[in-house]
Each structure stands twice: as structure tokens, then as C-alpha cells.
Amino acid sequence: MAFFTSFLAGLVFGLGLIVSGMANPAKVLGFLDLGGRWDPSLAFVMAGAIAVGAVAFAVARRRTRSLLGAAMRLPSLQSIDRRLLIGSAVFGIGWGIAGFCPGPALVAVGMGQAKALVFVIAMLAGMGVFEWLEGRKEAKHPERGSRSKAHGRRGSVSH
Amino acid sequence: MTIDWPSFTPWAALAGGVLVGTATAMFLLLNGRIAGISGIVGGLLRLVTGDVAWRVAFIAGLVVAPMVYAIFTDWPKPRIEAGYGTLVLAGLLVGVGTRYAAGCTSGHGVCGLSRLSPRSFAATAVFMGAGFLTVFLMRHLLSL
């Protein structure tokens, strides 16, 4: 059941990205181009998503189990540290270069776009680099491994 | 600043956003998880037993969305102006960056802001700011 609802959530999410126009990098770049002719659409996507999301999180906060009985995994991290800020800056640069972030890129792969597939493979490689660096750090300093201690339940709750 | 009125599609954007929010709500209330795409994809690389199927299912949902959409109407063809080299660089940066930040547009931008997380507000401000700056540099200063 959890497998099916996961698929369904991904499907609805993907449909939302297509309907909103966000599966199209040109439209995303139109939003990021404040200095040119600006397309504010992406802000409306965020507003629509957050309006619904806020209600769901307000409900989720009062529960320890999901409706299907799974553990409610809300992020526990609170720190605004260098990892967060530098990571976000690096992501933002990559996003600005091509107009793709992870979700829309996967949807564009489903549209048969070879370029999107190249982006996704490179993204997986980038994520692999992160795993490799994290693994090395943990092997060197097991006592202060970022995954086990400082970053708590990272594996299961990161976004 | 000039608004690109012909490209601006507030109603479609809002409707698509509501769908994204609905998917986020479903995933949260049914599966008890955050619909953050970079985390769902990145976690796959760890190959933890019992933690793979739901991730693959979510990603499969995203990838088949265009085919389901096509049952009703043709989807607009995406326009990808970046060349292959640029896409590789962008992909690497997005991959590394989102994992260090533990979230992307969905995890921080939609989920994080929905639950009023200060950490996600900071992340969203930084990646949006970096995105604005990058496009400004590329299009208006370097004219790439």
C-alpha cells in the first residue's frame, strides 16, 4: 500500500509540475531572470503548493503515525549552518545555469528529453560525490560522523 | 523590472501548485514522509534494504506523469536551451548542493515553508538568490 501511495504522490506531483509549466526550464529561467522580462509564475506555483501543504503539516504535527500507520517522519534538523547555506548556494547556481531542479528534470525525462536525462545522470553523479565524501568523513572521524550524531536521523528525514 | 505578460500564467501556475501541494499532503499524511525530491533520489544511492522500493515508486510516478497527462491533452514541449556541457555542470552542482543542503525546491521550498521552518526559509532565500544572481550574470553581464 505504501508503495502504491508513494507512486501516486509522485504522479500527482509530476502532473502538478507539468500543469504549472515548471517542467519547462525556459519558464523557470523566465522567473529567475529579474533583470530581463520577468515571468512571476513560479511564485504562484509556490503559493498554491504552500497553501495546501500548510494545512497538511498542521494536521501532521498532531500525529505520530500516518493514516496508513507509518511513522510520521518530520525533519528534526534546525541548524542554519554552513552546510545548509553553501549547499543551497551551490544548488541555486546549478538551478540558474540550466533552469532544472530535481523534480522537473525527472518529469522532463518522462517527456523523452535526452538533455534532461543527461542532467539527471550528472545530478546522480553529484549526489554520489556527496555520499562518497560523507562516507570518507565518517571513516576518518567515526566519533563525530555527520550522519550518526550532528545530523541526527538524516538518512530517513532529509528532504 | 518589466513583467513578461504573455508568458505569465498565474492560473495554470496556481493550479499546478495546488496539485504539487496535494501530492505533498498525500505523501505526508499517508506515508508519513516529506516529499523532497532530492532526498528521495539521493537516499536511493545508499541502497539501504527496505528503503528502496518506495523511492523508486515515487520517482516512477514523476517520470510517467507526462504519459498520464497525455491521456487528456498534449503536454507543452519543454524548451531546454542549455547545451550538453552546461547541463552536466548544472546537474553536478544541483546534485552536490541539494544533498549538502538536505533539500531542494520541494523539500525546503514547498515542504519547509509549509511548516514554517526557519532553516528552510534560509535555504530557500539562498538558492533563489543564487539562482537570480546566476541568471543575471549569465544573461546580462556575460551575455552567455
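Visitor: Which helices do the buried residues of helix 6 of chain A pack against?

Guide: This is a predicted model: local features need pLDDT (the predictor's confidence in each residue, from 0 to 100) of at least 70, side-chain atom pairs count only at pLDDT 80 or more, and totals for chains, interfaces and linings use all residues. Residues are numbered from 1 along each chain as its sequence is written, while chains are lettered from A and ligands numbered from 1 in the order in which they are written. Among the buried residues of helix 6 of chain A (20 or more other C-beta atoms, placed from the backbone, within 10 Å of their own) are A:Phe119 and A:Met123. Their partners in chain A are helix 4 and helix 5, and those in chain B are helix 2 (37-44) and helix 4 (84-100).

Visitor: How far apart are the end C-alpha atoms of helix 6 of chain A?

Guide: Helix 6 of chain A has 27 residues, so at 1.5 Å a residue (times one less than the number of residues) it should span 39 Å. The model agrees, with its end C-alpha atoms apart by 39 Å.

Visitor: How many residues of helix 4 of chain A are buried?

Guide: Helix 4 of chain A has 17 residues and reaches 25 Å from its first C-alpha to its last, close to the 24 Å expected. A:Gly99, with a positive phi near 85°, follows this helix. Helix 4 of chain A is mostly covered, and its number of buried residues is 13.

Visitor: Which element gives the most to the side of chain A that touches chain B?

Guide: The contact (C-beta atoms within 7 Å) takes 110 residues from chain A and 109 residues from chain B. On the side of chain A, 72 are nonpolar, 30 polar and 8 charged. With 18 residues, the element that gives the most there is helix 1 of chain A.

Visitor: Which element gives the largest share of the largest nonpolar core?

Guide: This core (buried Ala, Val, Leu, Ile, Met, Phe, Trp, Tyr and Cys residues joined through C-beta atoms within 7 Å) has 94 residues, and A:Ile18 is one of those that touch the most other members. Among the residues that A:Ile18 touches are A:Val107, B:Tyr69 and B:Trp75. The largest share of the core, 11 residues, comes from helix 1 (residues 10-31) of chain B.

Visitor: Which element of chain B has the highest mean pLDDT?

Guide: Chain B averages a pLDDT of 95, and 100% of its residues score at least 70. Strand 1 of chain B has the lowest mean among its elements, 92. The highest, 98, belongs to helix 4 of chain B.

Methods. A residue is buried if 20 or more other C-beta atoms lie within 10 Å of its own, exposed if 12 or fewer, and partly exposed in between; C-beta atoms are placed from the backbone. Helices (H or I, at least four residues) and strands (E, at least two) are DSSP runs, numbered from the N terminus. Two residues are in contact if their C-beta atoms, placed from the backbone, lie within 7 Å. Ala, Val, Leu, Ile, Met, Phe, Trp, Tyr, Cys and Pro count as nonpolar, Asp, Glu, Lys and Arg as charged, and the others, Gly among them, as polar. Lists of a residue's contacts leave out its neighbours within four places in sequence.
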